[in-house]
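Visitor: I should like to learn how to read the features of a structural model. Where shall we begin?

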Amino acid sequence: MAKANVYLNFKGNCEEVFNFYKSVFGGEFDYFSRYKEMPPNDEHKIEPQDAEKVLHVSLKLSEGHFLMGCDLASNWEEHHVAGTNFHISIDAETKEETDRIFSELSEGGQVMMPLADTFWGSYFGMFTDKFGIGWMVSCELKK
């Protein structure tokens, strides 16, 4: 069965926000990375001003429930609107379940990142559904 978590997008202050959330909820970050840690990619070059921005952070709230977020890269900042700066993140158990959920939810919407294996070890894709809701769908790749 798939799990759902909230994924928040910020315009450069993600680290500040998540340090605040950590002070409220306690615990440690389950994952924290910056754009400069991404492997080189000719299709998605990292601008110098984005290198120190948060690529992904995950704060465990309880068993199986996380608050996650990132800073938007400079070329995405123009799309940032406070109050709608979130995605619903679905963690499926298998690639087949990921494919089905992605296909059905994205029908009539706009795919921003097709499903693909990623450098961080997930099968992952992003889209906005036909109602304007942002989704991230993934599953952890088995090693």
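Guide: Let us begin with a term. A disulfide is a covalent bond between the sulfur atoms of two cysteines. In a coordinate set, a disulfide is taken to be a pair of cysteine sulfur atoms within 2.5 Å. Please keep in mind that the model shown here is predicted.

Visitor: How many disulfides does the structure hold?

Guide: The structure holds zero disulfides. Cys14 is in no disulfide, and the nearest cysteine sulfur, that of Cys70, lies 6.4 Å away.

Visitor: Why is Cys70 not bonded to Cys14?

Guide: The reason is distance: the sulfur of Cys70 is 6.4 Å from the closest cysteine sulfur, in Cys14, and that is too far for a bond.

Visitor: Are these cysteines buried or exposed?

Guide: A residue is called buried when its relative accessible area is under 20%, and exposed when that value is over 50%. Cys14 has a relative accessible area of 0% and is therefore buried. Cys70, with a relative accessible area of 7%, is buried as well.

Visitor: Let us turn to the fold. Which elements make up the protein chain, and in what order do they run?

Guide: The protein chain has two helices and eight strands. Read from the N terminus, its elements run β-α-β-β-β-β-α-β-β-β.

Visitor: What does the radius of gyration say about the overall form?

Guide: One compares the value with that of a compact globule of equal chain length. For 143 residues, such a globule would have a radius of gyration near 15 Å; the protein chain has 15 Å, so the two agree. The C-alpha trace spans about 35 × 35 × 35 Å along its principal axes.

Visitor: Which totals describe burial, surface and contacts in the protein chain?

Guide: Buried residues account for 38% of the 143 residues. The exposed area is about 8,900 Å², of which carbon and sulfur atoms supply 54%. Of the contacts between residues at least 6 apart in sequence, 53% join residues at least 24 apart.

Visitor: How are the charges placed on average?

Guide: There are 13 positive and 24 negative charges in the protein chain, and their mean positions are 3 Å apart.

Visitor: I should now like to examine single residues. Where is Tyr7, and which residues does it touch?

Guide: Tyr7 is in strand E1, which covers residues 3–10. With a relative accessible area of 6%, Tyr7 is buried. Setting aside neighbours within four places in sequence, Tyr7 is in contact with ten-odd positions best read as a list, including Leu55, His56, Met68, Cys70, Phe86, Ser89 and Met136. By C-alpha atoms, Tyr7 is 20 Å from Leu141, and 134 residues separate the two in sequence.

Visitor: Ser89 appears among those contacts. Where does Ser89 lie, and is it buried or exposed?

Guide: Ser89 belongs to strand E5, residues 86–91. Its relative accessible area of 5% makes Ser89 buried. Beyond four places in sequence, Ser89 touches Lys3, Ala4, Asn5, Tyr7, Met68 and Met136.

Visitor: Where is Tyr35 found?

Guide: Tyr35 sits in the loop between strand E2 (29–34) and strand E3 (54–62). A loop position alone does not settle the question of burial, and one consults the accessibility. At 10% relative accessible area, Tyr35 is buried. Lys53 is 18 residues from Tyr35 along the chain, and their C-alpha atoms are separated by 6.0 Å. Lys53 is also one of the contacts of Tyr35, among them Ile46, Asp50, Val54, Asp71 and Leu72.

Visitor: Gly132 also lies in a loop. Is Gly132 buried or exposed?

Guide: Gly132 is exposed, because its relative accessible area is 52%. The loop in question lies between strand E7 (122–128) and strand E8 (134–140). Gly132 and Gln110 are 22 residues apart in sequence, with 8.9 Å between their C-alpha atoms.

Visitor: Finally, how should Val111 be classed?

Guide: Val111 counts as partly exposed, since its relative accessibility is 40%. This residue is placed in strand E6, residues 110–117. Apart from residues up to four places away in sequence, Val111 touches Phe102, Ser106, Met126 and Phe127. The C-alpha atoms of Val111 and Asp129 are 8.3 Å apart, across 18 residues of chain.

Note on methods. Residues are numbered from 1 along each chain as its sequence is written. This is a predicted model: local features need pLDDT of at least 70, side-chain atom pairs count only at pLDDT 80 or more; totals for chains, interfaces and linings use all residues. Side-chain values use heavy atoms; hydrogens and water are left out. Helices (H or I, at least four residues) and strands (E, at least two) are DSSP runs, numbered from the N terminus. The radius of gyration is taken over C-alpha atoms; the globule rule is 2.2 Å times the number of residues to the power 0.38. Buried means under 20% relative accessible area, exposed over 50%, partly exposed in between (1.4 Å probe, protein chains only). Contact means heavy atoms within 4.5 Å. Accessible areas come from the Shrake-Rupley method with a 1.4 Å probe; for residues, only the protein chains shown count as cover. Lys and Arg count as positive and Asp and Glu as negative; His and the chain ends are not counted. The place of a charge is taken as NZ of Lys, CZ of Arg, CG of Asp or CD of Glu.
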